[in-house]
Amino acid sequence: MSRLPPALRSLPFPVIGSPLFIISTPKLVIAQCIAGVVGSMPALNARPAEQLEEWLIEITQALAAHNKAHPEQPAAPFAINQIVHKSNDRLEHDMAMCVKYKVPVIITSLGAREDINAAAHSYGGVVLHDIINNKHAHKAIEKGADGLIAVAAGAGGHAGVKSPFALIQEIRQWFDGPLALSGSISTGDAVLAAQAAGADFAYIGSAFIATQEARASEAYKQAIVDSDSDDIVYSNLFTGVHGNYLAPSIRNAGLDPEHLPESDPSKMNFGGDKSKAWKDIWGCGQGIGSITEVQSTADYVAKLKREYASARARLQLG
């Protein structure tokens, strides 16, 4: 683990909470970090843009207070997700705020830019870039990212179609840096499996939607509890990029989940007026079959840790 940057080397538990569009706010991020996993949120969740600075102050002060009160059990670092796409006209502003408050981890998506990576490195920040194939992984590292998030089949929201085994083994043939795996991970057993496959961290999103701290509607949370992988639909209709969504929310929007039209990828949109038409379409991954209740973030992470320890013990006994 010494090959990992300091911010990620001493994580209490090898899990990164993925940034959840609209849903992740300081309340969830702080709860995740205190529970021992990297908490994250998209910068674009702060609206208007000026709110981002308020949120960064709230997060940094809360984690500093926790660490002062509990030096024996410090919080995990937090991360901010930046959408590196031409439709994001806030990128420079939001990145300047991350530099000002020295955000420990920057997660970049939908494009890799050397200047964004350099800005994070200017204060010692770590950049993780999410990718869906080996080609994009090479480009991300060539442009200065420190690590990768392999978004495999079954991940919530924007997701790829590659098997996690194929994607991880291809990346590990040439890259030995920080690597997180995303796709249908919601149990401690799956966290251990991600590490066994070659990843350093599991990247978990959908399960955190069904927590008390998440800014999601009660209907959304209950839909995750009530659904399983058969209720996940893969489509590019809602943003122009293929992703996984809950079928009940698609039906509620008056659409047939089994017969969705294709969208024009050249008209991708992430947060503009167009996206408001789909604000009630719920992103979700295939790993939700194990989610049977809405609980606190602390309780969910504690469950992950118990399952992880039990899985390790089973392997050692075998």
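Is K102 buried or exposed? K102 is exposed, with a relative accessible area of 52%; the scale runs from buried (under 20%) through partly exposed to exposed (over 50%), computed with a 1.4 Å probe on protein chains only. The tour below passes through this residue again.

The structure is a predicted model, in which local features need pLDDT of at least 70, side-chain atom pairs count only at pLDDT 80 or more, and totals for chains, interfaces and linings use all residues. Residues are numbered from 1 along each chain as its sequence is written, and side-chain values use heavy atoms, with hydrogens and water left out.

**Stop 1: the loops**

Select I22, in the loop between strand 1 (15-17) and helix 2 (26-35). Helices (H or I, at least four residues) and strands (E, at least two) are DSSP runs, numbered from the N terminus. I22 has a positive phi of about 75° although it is not a glycine, and at 37% relative accessibility I22 is partly exposed.

Select P48 next, in the loop that joins strand 2 (39-42) to helix 3 (51-69). The peptide bond from R47 to P48 is cis, and its omega is near 5°.

**Stop 2: helix 3 against helix 4**

Display helix 3 together with helix 4. Two packed helices are described by the angle between their axes and the distance between the axes. The axes of helix 3 and helix 4 come within 10 Å and cross at roughly 25°; axes are lines fitted to C-alpha atoms, for helices over the stretch in contact, and angles run from 0 to 180 degrees between N-to-C directions. Helix 3 and helix 4 are therefore roughly parallel to each other, on a scale where angles under 35 degrees count as roughly parallel, over 145 as roughly antiparallel, 65 to 115 as roughly perpendicular and the rest as oblique.

The crossing of helix 3 and helix 4 is right-handed: the near helix is turned clockwise from the far one by less than a right angle, whereas an anticlockwise turn would be left-handed. In this contact (heavy atoms within 4.5 Å), L52, E53 and L56 of helix 3 meet D94, M97, C98 and K100 of helix 4. By class, the contact of helix 3 with helix 4 has four nonpolar, no polar and three charged residues. Here Ala, Val, Leu, Ile, Met, Phe, Trp, Tyr, Cys and Pro count as nonpolar, Asp, Glu, Lys and Arg as charged, and the others, Gly among them, as polar.

Now isolate M97, which belongs to helix 4. M97 is buried, with a relative accessible area of 13%. Apart from its neighbours within four places in sequence, M97 is in contact with L52, E53 and L56. A C-alpha distance drawn from M97 to T108, eleven residues apart along the chain, gives 15 Å.

**Stop 3: the cysteines**

Move to C98, which is buried at 0% relative accessible area. How far is the sulfur of C98 from the closest cysteine sulfur? That sulfur lies in C33, 14 Å away, too far for a bond. With a disulfide taken as a pair of cysteine sulfur atoms within 2.5 Å, the count comes to zero. C284 is also worth selecting: C284 is buried, at 0% relative accessibility.

**Stop 4: helix 4 against helix 5**

Add helix 5 (residues 114-121) to helix 4 (residues 91-100); their axes come within 9 Å and cross at roughly 20°. Helix 4 and helix 5 are therefore roughly parallel to each other, and their crossing is right-handed. L91, M95 and V99 in helix 4 meet I116, A119 and A120 in helix 5. The residues of this contact divide into six nonpolar, no polar and no charged.

Return here to K102, in the loop between helix 4 and strand 4 (105-109). K102 has a positive phi of about 50° although it is not a glycine.

**Stop 5: V161**

Select V161 in the loop between strand 7 (157-158) and helix 7 (164-172). V161 is exposed at 62% relative accessibility. Leaving aside neighbours within four places in sequence, V161 is in contact with A153 and Y234. V161 and Y123 are 38 residues apart in sequence and 35 Å apart in space, C-alpha to C-alpha.

**Stop 6: helix 8 against helix 12**

Finish with helix 8 (residues 188-197) and helix 12 (residues 297-317), which pack at an angle of about 60° with their axes 6 Å apart. Helix 8 and helix 12 are therefore oblique to each other, and helix 8 passes helix 12 in a right-handed crossing. Helix 8 contributes G188, D189, V191, L192 and Q195 to the contact, and helix 12 contributes L304, E307, Y308, A311, R312, R314 and L315. By class, the contact of helix 8 with helix 12 has six nonpolar, two polar and four charged residues.
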